[in-house]
Amino acid sequence: MTAIKHALQRDIFTPNDERLLSIVNVCKAGKKKRNCFLCATVTTERPVQVNVVKVKKSDKGDFYKRQTAWALRDLAVVDAKDAVKESPEFDLHFDKVYKWVASSTVEKNTFISCIWKLNQRYLRKKIDFVNVSSQLLEESVPSGENQSVAGGDEEAVDEYQELNAREEQDIEIMMEGCEYAIANAEAFAEKLSRELQVLDGANIQSIMASEKQVNILMKLLDEALKEVDQIELKLSSYEEMLQSVKEQMDQISESNHLIHLSNTNNVKLLSEIEFLVNHMDLAKGHIKALQEGDLTSSRGIEACTNAADALLQCMNVALRPGHDMLHAVKQQQQRFSDLREQFARRLASHLNSVFVQQGHDQSSTLAQHSAELTLPNHHPFHRDLLRYAKLMEWLKNTDYGKYEGLTKNYMDYLSRLYEREIKDFFEVAKIKMTGTTREGKKFATLPRKESAVKQETESLHGSSGKLTGSTSSLNKLSVQSSGNRRSQSSSLLDMGNMSASDLDVADRTKFDKIFEQVLSELEPLCLAEQDFISKFFKLQQHQSTSGTTNEVEELDGVAFSRSYTSGVPQTVSSEKDMIRQMMTKIFRCIEPELNNLIALGDKIDSFNSLYMLVKMSHHVWTAQNVDPASFLSTTLGNVLVTVKRNFDKCISNQMKQMDEVKISKKSKVGILPFVAEFEEFAALAESIFKNAERRGDLDKAYIKLIRAVFDSVEKVANESQKTPRDVVMMENFHHIFATLSRLKISCLEAEKKEAKQKYTDHLQSYVIYSLGQPLEKLNHFFEGVEARVAQGIREEEVSYQLAFNKQELRKVIKEYPGKEVKKGLDNLYKKVDKHLCEEENLLQVVWHSMQDEFIRQYKHFEGLIARCYPGSGITMEFTIQDILDYCSSIAQSH
């Protein structure tokens with residue numbers, strides 16, 4: 001290492017005017033071992049600069065090169081990793097942390113010691129030495145101005161030891177006094193030697209003079225010690241004199257402690273008495289209010305409420321340990337318990353009487369609502385009872401049994417009251433729907449039980465085929481002409497079956513308004529009652545306790561799950577469930593009455609199920625947005641299921657009637673009744689379900705109905721004997737396509753395209769089939785020509801065939817003069833007119849298509865003549881313009 005040090009000094013640092021003080025062989029931690037040297041150096045020029053230099057062996061030779069240099073003033077932390085265990089690892093924190101591993105622990109310690117010395121001598125800045133042995137730093141502490149800078153380089157440092165400022169100033173003064181000092185160093189040295197001898201003599205004289213002063217000082221110290229001994233004797237005598245006073249003071253202190261203890265006990269006793277008096281003393285006014293307070297006036301109710309709260313506070317006061325053993329406390333608690341029992345009985349009795357009294361007052365107002373489709377307003381009743389809400393909360397917290405009894409009585413009374421009101425309300429609604437009076441009412445005595453309602457509904461759909469006036473005759477009507485169908489619809493109106501007329505629209509609108517009014521009256525009634533129950537019985541929050549014994553009790557058919565903890569019952573189910581159970585008990589008649597009303601509406605007109613589905617869905621959606629688990633939401637949801645079943649049954653009946661339809665064998669078919677009825681149904685449904693929440697149900701019904709219509713049209717077309725199959729398909733699918741195009745039903749876009757395709761295909765098929773071959777012999781002739789060409793004969797050589805020469809062609813053409821062609825087209829027009837119906841008005845469309853097909857055949861024949869008989873001058877005896885004139889005159893004449 002010494003050889004390397006000298007080599008580095010010679011080759012790297014001497015040319016840069018630097019001295020190498022310490023060196024350590026290191027490599028980077030965690031990487032492949034590539035050794036380098038860290039060197040601590042100082043500059044030889046003033047001011048001195050201290051650096052840490054990284055030196056690395058060159059890859060191209062054995063010489064070393066300077067790689068990186070850091071100023072020592074930039075060093076912040078030296079981390080030796082472990083101050084106890086020897087470890088070669090250490091970190092230097094410059095601009096970033098450099099992690100090194102030394103070749104030996106001795107080199108690392110020597111290098112760190114040198115860094116510490118350089119910092120102490122030249123920088124005097126705060127460098128943190130972390131995990132460095134304190135013994136290592138102590139050995140490095142300088143003992144004088146001339147101590148060496150680095151342990152291994154003392155001689156080099158002594159040669160160039162730096163002078164301090166005072167020494168520099170003294171030397172400069174001496175050299176100014178001896179101008180010849182630089183010219184004659186020996187004379188200057190002799191002068192300095194003489195002055196040094198003078199100073200040594202002065203020092204000796206000063207020491208001898210100071211010995212006398214030391215003797216005087218020692219004499220003064222001896223006298224001071226004698227004075228101290230005298231003071232200690234006096235202090236000892238004073239302590240003996242105060243010993244008796246100390247004993248007397250101890251006795252006084254003990255007596256004061258006993259007095260203080262007695263006072264403390266008295267204060268605590270007074271505090272306990274004040275606590276009991278302040279927290280367990282009920283004012284006489286409160287006692288009087290609990291015993292005799294007026295529960296009918298607002299002032300009396302407020303006084304009783306305050307007294308009940310004060311009593312509850314006294315009973316619930318948290319007694320301190322031992323209070324419950326005091327006889328006076330036991331007596332007061334018993335008195336409070338008696339007051340609570342007495343007031344609870346009085347309050348429960350009064351509230352029961354209030355329920356009964358309010359019931360009589362409410363019943364007296366029913367008469368004025370009997371003829372109107374409105375439900376009585378219970379707001380005054382609720383407003384009067386809400387004055388007792390705080391007392392009900394007090395009763396719930398203090399005597400749950402009586403609170404529960406009041407809950408039962410309230411449900412019993414209100415259920416009977418609401419049942420009378422709701423039944424009368426629904427009777428009025430049924431009368432308004434049927435348009436009958438109470439004396440001659442037809443549906444006012446509908447059965448109220450659900451089983452009877454279901455039985456009646458089934459009988460309605462089982463015995464009667466009547467869905468609407470327009471669909472009632474599907475099982476009876478055969479497919480007739482438009483005139484016959486109109487006459488039969490008129491006869492059905494006379495029989496009492498309403499058709500798709502203004503009367504139907506008015507009746508359905510009337511039903512829709514009545515049904516909406518029923519729901520609009522029931523919804524605020526239920527919400528108001530639920531809000532009142534929540535406030536009056538204090539059921540807003542959920543209160544449950546864990547680790548309790550559960551018990552299920554039934555209150556007149558309504559199950560309440562309760563638990564008991566220390567004798568106080570707490571609800572196990574949420575209080576929202578309790579509200580819903582109470583509402584179910586109170587309004588138990590709403591669901592069957594709604595089902596009866598729905599059955600009646602479905603009996604009047606099964607299309608009413610569309611109105612009911614939309615209205616009921618909207619009210620269910622509104623109720624679920626407020627509270628999905630509420631009584632109103634649950635009840636309306638159950639009724640919605642019934643309405644949806646009726647809607648599905650309506651759709652199923654229409655599909656069944658389509659399947660059972662029969663057609664007349666003697667008259668042409670025309671537009672089938674169920675096709676026209678689908679148009680009526682779709683137009684009605686679109687007007688009803690506009691912006692409705694249950695649009696998806698209608699879309700599903702559309703898909704089922706349109707597929708049934710398609711299948712039934714196919715079936716009727718196949719069974720038709722009077723009217724060609726293509727005509728039945730063409731006319732009905734044209735009508736379906738026009739209906740779907742007009743209504744723009746998005747879910748039936750595919751069916752609309754299919755209907756258009758079927759109409760187009762069957763129109764083309766009917767045209768080709770009906771037109772046939774109007775120039776039959778000419779067709780046979782050219783079929784033979786095309787057969788020869790197909791066999792390989794060239795087109796221009798066909799005229800040389802004996803059977804297909806020019807003379808034969810002229811003979812065939814002469815058989816079809818213009819007059820005969822026009823006559824044939826006129827007969828064809830009459831035939832088409834007999835097949836088509838007037839309602840769809842497709843005659844001109846079909847005739848125009850036949851005209852185009854005939855012209856196509858004509859052009860085909862002309863093309864064959866031009867190719868197979870070139871230059872012959874043979875032409876047809878009529879032209880395309882003649883054909884257009886013939887078709888136009890025929891159409892106008894008819």
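Two strands count as paired here if DSSP finds at least two bridges between them. With that in mind, welcome to a few close-ups of this predicted model.

**View 1. An open sheet of 8 strands.** The strands follow the order E4-E3-E2-E1-E7-E6-E5-E8, and their pairing is mixed. Strand E4 (64–71) and strand E8 (128–130) form the edges, each pairing on one side only. From one strand to the next, the twist averages 30 degrees.

**View 2. Strand E3 and its two neighbours.** Do E2 and E3 run parallel or antiparallel? They run antiparallel, joined by 6 bridges, and a hairpin of 6 residues links E2 to E3. Look for leucine 38, which stands opposite lysine 54 in E3. On the E4 side, E3 is again antiparallel to its partner, this time with 7 bridges; here valine 52 has tryptophan 70 in E4 as its bridge partner. E3 is mostly covered, with 7 of its 8 residues buried.

**View 3. The pairing of E5 with E8.** Strand E5 (residues 77–79) runs parallel to E8, and 3 bridges connect them. Aspartate 79 can be found opposite valine 130 in E8.

**View 4. Two helices against the sheet.** Helix H1 (residues 2–13) lies across strand E1 (18–28), strand E2 (36–43), strand E3 (50–57) and E4, and runs at about 115 degrees to E1. Helix H2 (residues 105–123) also packs on the sheet, where it touches E1, E2, E3, E5, strand E6 (89–93), strand E7 (97–102) and E8. The direction of H2 makes about 140 degrees with that of E1.

**View 5. A buried glutamate in helix H23.** Glutamate 751 lies in helix H23 (residues 749–771). Which side chain of opposite charge is nearest to glutamate 751? That is arginine 707, 4.0 Å away, yet the buried glutamate 751 has no salt bridge. Leaving aside residues up to four places away in sequence, glutamate 751 touches Ile703, Ile706, Arg707, Phe710 and Leu740.

**View 6. Helix H18 from end to end.** Helix H18 (residues 608–626) has 19 residues, so at 1.5 Å a residue it should span 27 Å; its end C-alpha atoms are indeed 27 Å apart. Among the buried residues of H18 are Leu610, Tyr611, Leu613, Val614, His619 and Ala623.

**View 7. A salt bridge within helix H12.** The structure holds 29 salt bridges, and one of them joins the side chains of glutamate 419 and lysine 423 at 2.8 Å, N to O. The two residues are about one helical turn apart, because they sit 4 residues from each other in helix H12 (residues 400–434). An α-helix has 3.6 residues a turn, so residues three or four places apart point the same way. Glutamate 419 is partly exposed, with a relative accessible area of 23%, and lysine 423 is partly exposed at 24%.

**View 8. A salt bridge between helices H21 and H19.** Lysine 715 and aspartate 659 meet through their side chains at 4.0 Å, N to O. Lysine 715 belongs to helix H21 (residues 695–719) and aspartate 659 to helix H19 (residues 631–659), so this pair ties together parts that are 56 residues apart in sequence. Both ends are partly exposed: lysine 715 has 30% relative accessibility, and aspartate 659 has 49%.

**View 9. A charged pair and a network.** Glutamate 796 forms a salt bridge with arginine 794, with the closest N and O atoms 2.5 Å apart. Glutamate 796 counts as partly exposed, at 34% relative accessibility. Elsewhere, Arg340, Glu341, Arg345, Asp399 and Lys402 are joined into one network by salt bridges that share partners.

Key. Residues are numbered from 1 along each chain as its sequence is written. This is a predicted model: local features need pLDDT of at least 70, side-chain atom pairs count only at pLDDT 80 or more; totals for chains, interfaces and linings use all residues. Side-chain values use heavy atoms; hydrogens and water are left out. Axes are lines fitted to C-alpha atoms, for helices over the stretch in contact, and angles run from 0 to 180 degrees between N-to-C directions. Contact means heavy atoms within 4.5 Å. Buried means under 20% relative accessible area, exposed over 50%, partly exposed in between (1.4 Å probe, protein chains only). Lys and Arg count as positive and Asp and Glu as negative; His and the chain ends are not counted. The expected span of a helix is 1.5 Å times one less than its number of residues.
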